[in-house]
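Me: I have this model open and don't know where to start. Take me through the DNA first, then whatever else is worth a look.

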Protein chains: 2
Amino acid sequence: MQKLLSNLKITINENIFLKDPESSDLGKRIVENSILLIDEIGFDDFTFKKLGAKIGSNESSIYRYFENKHNLLVYLASWYWSWTEYQLVFAINNIADPLKKLDLAIEVLTKTTTLDSTFKHIDEVVLKRIIINEYSKSYLTKQVDLDNDEGYFSIYKRLVIRLKELIQEANKDYKYAFCLANTVIEGSLHQQYLKDHFKSISGLKPNEAPTEFYKDLVFNTLNISPNE
Amino acid sequence: MQKLLSNLKITINENIFLKDPESSDLGKRIVENSILLIDEIGFDDFTFKKLGAKIGSNESSIYRYFENKHNLLVYLASWYWSWTEYQLVFAINNIADPLKKLDLAIEVLTKTTTLDSTFKHIDEVVLKRIIINEYSKSYLTKQVDLDNDEGYFSIYKRLVIRLKELIQEANKDYKYAFCLANTVIEGSLHQQYLKDHFKSISGLKPNEAPTEFYKDLVFNTLNISPNE
DNA sequence: CAAAACCGATAGTAATACTATTAAATTTGC
DNA sequence: GCAAATTTAATAGTATTACTATCGGTTTTG
């Protein structure tokens, strides 16, 4: 996987940043350390001033890359979903059987995240934790419709559409392909949050991913089963 | 329904407030108008100062009821889930068939909310919109584990447990009852959010509730069907 | 009817979420 | 290799937020 993607750059919608953080050393330090700092103190307490102190730089320099911390969160989320999309596309590449493809897609979308050494300045395991803890704050805002018009969520939407198409390929008669695709992608984050903070109502054991639950859910709902 | 519950008071964990807002006229105005103001400007821009201006009272008076706006949101959410729990309990009361009970429970938990005249100072339709837009902010915080220890989410957890038990009653062999219960309850809010803000990936029509999707999902997953 | 509780008003604080300006350092283009 | 352009760090400043503290006046209650 790493080999295949070694010359890969994740492309993010230019509206999200003022200056591309991939274009400079400071930019990469902003991204790298914002992930660590948000994980450490939470997005609500995260400020550009604190990030500046952490990277030995100035608040005002960070404002030249991102308009505000909300856009930085949108950037990090876009990066995560784009990275996930690549993993999904490579996983199902050259596979013909629609059921096997769907099975692999659910695997990619619901499994526990591991480190990908292709991107040196991004810790995907920590980033995934941020997505679980903070992603919904990127769209649960009053400006969501404006942000959406700017294309802030287009990568995420493309991923949902991909899964919806895999669901339809697997069962052309199923009526709720979009609802089911959203259930798997968003639900998987929620199940992992519950595992960490609401143990008494979580169906998962401490190190368990919700993968088996979602495979069972999807294949029973579609009335099919993947030929292993 | 209204008649049956006419002498009902929704009981909220005392840790959530400093002074019970149901105990005074000012308290009720705080609750009533916080719902309207949060709906209007969003929870992020909502402040006690603005609420004070709206109800012709003072910021400092509101602080005597709630420690901060976060606790007020937890209060509103607890009220909503408690109200939903009552609806669920009454809906399945005196029904023996486990499949019918589960069917009715899904109906209550996923349908579009309508006004309940039992509670004069609370507009349940607007409150539901707040729950859809803001509920996850009440637990996606760094202090979630402390809040959880204080019992801030106990009503919500009780509701999930109720649904999980109905699922188990309907199919004793199903292995993921908790995961499925969470999928229905939290997922239903998410599907309704998508309908309003992410039309291109929502499987729902403008006035459609996700009820049919979830009934199909649950009964196919459990390999049973409700005898209508 | 006195004590207690409640409420509204004012004042004050540290932190947040920025914007503006300037000067030094670095990069680049010829 | 040097001038011009760009980038960065530092400082200062603003409006707003999220509170806390205090203090009368009013209402409730025992």
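**DNA, pockets and cysteines**

Reply: α3(A) provides the largest share of the surface near DNA strand C, with three residues. Near means that a heavy atom of the residue lies within 4 Å of the strand. Helices are DSSP runs (H or I, at least four residues; strands are E, at least two), numbered from the N terminus. This is a predicted model: local features need pLDDT of at least 70, side-chain atom pairs count only at pLDDT 80 or more, and totals for chains, interfaces and linings use all residues. Residues are numbered from 1 along each chain as written, chains are lettered from A and ligands numbered from 1 in the order written, and side-chain values use heavy atoms, without hydrogens and water.

Me: Which helices each supply at least two residues of that surface?
Reply: α3 (59–63) of chain A and α3 (59–63) of chain B.

Me: And which residues come nearest to DNA strand C?
Reply: There are 18 residues around the strand, and A:Glu59, A:Asn68, B:Lys19, B:Ser57 and B:Arg64 come nearest.

Me: Which part of the DNA faces the protein, sugar or phosphate, or bases?
Reply: Both. Of the strand C atoms within 4 Å of the protein, 55% are in sugar or phosphate, and the rest are in bases.

Me: What does the side chain of B:Arg64 contact?
Reply: An N or O atom of the B:Arg64 side chain is 2.7 Å from a base oxygen of strand C. That is a polar contact, a pair of N or O atoms within 3.5 Å. The side chain of B:Tyr65 has an N or O atom 3.2 Å from a phosphate oxygen of the strand, and for A:Lys50 the distance to a phosphate oxygen is 3.4 Å.

Me: OK, pockets. What volume does the largest pocket have?
Reply: About 700 Å³. A pocket is an open set of points on a 1 Å grid where a 1.4 Å probe fits, with protein on both sides within 12 Å along at least five of seven lines; lining residues have an atom within 4 Å of a point. The volume is the space filled by probe spheres set on the points.

Me: What lines the largest pocket?
Reply: It has 30 lining residues, and A:Asp44, A:Glu134, A:Lys137, B:Leu140 and B:Thr141 lie nearest its centre. α6(A) gives the most, five residues. Helices that each supply at least two include α1 (25–41) and α9 (177–197) of chain A and α7 (144–149) of chain B.

Me: And the second largest pocket, what volume does that have?
Reply: About 610 Å³. It is lined by 29 residues, with A:Lys142, B:Arg129, B:Asn133, B:Tyr193 and B:His197 closest to its centre. Here α6(B) gives the most, with six residues.

Me: Changing topic: how many disulfides are there?
Reply: Zero, over all chains. A disulfide needs two cysteine sulfur atoms within 2.5 Å. A:Cys179 is in none, and the nearest cysteine sulfur, that of B:Cys179, is 20 Å away.

Me: Is A:Cys179 buried or exposed?
Reply: Buried, with a relative accessible area of 0%. Buried means under 20%, exposed over 50%, and partly exposed in between (1.4 Å probe, protein chains only). B:Cys179 is also buried, at 0%.

Me: Last one: where is A:Ser202?
Reply: In the loop between α9 and α10 (211–221) of chain A. A:Ser202 counts as buried at 8% relative accessibility, and its side chain reaches the backbone nitrogen of A:Leu204 at 3.1 Å.

Technical notes: A polar contact is a pair of N or O atoms within 3.5 Å; within protein, one must be able to donate a hydrogen and the other to accept it, and residues adjacent in sequence count only if both atoms are side-chain atoms.
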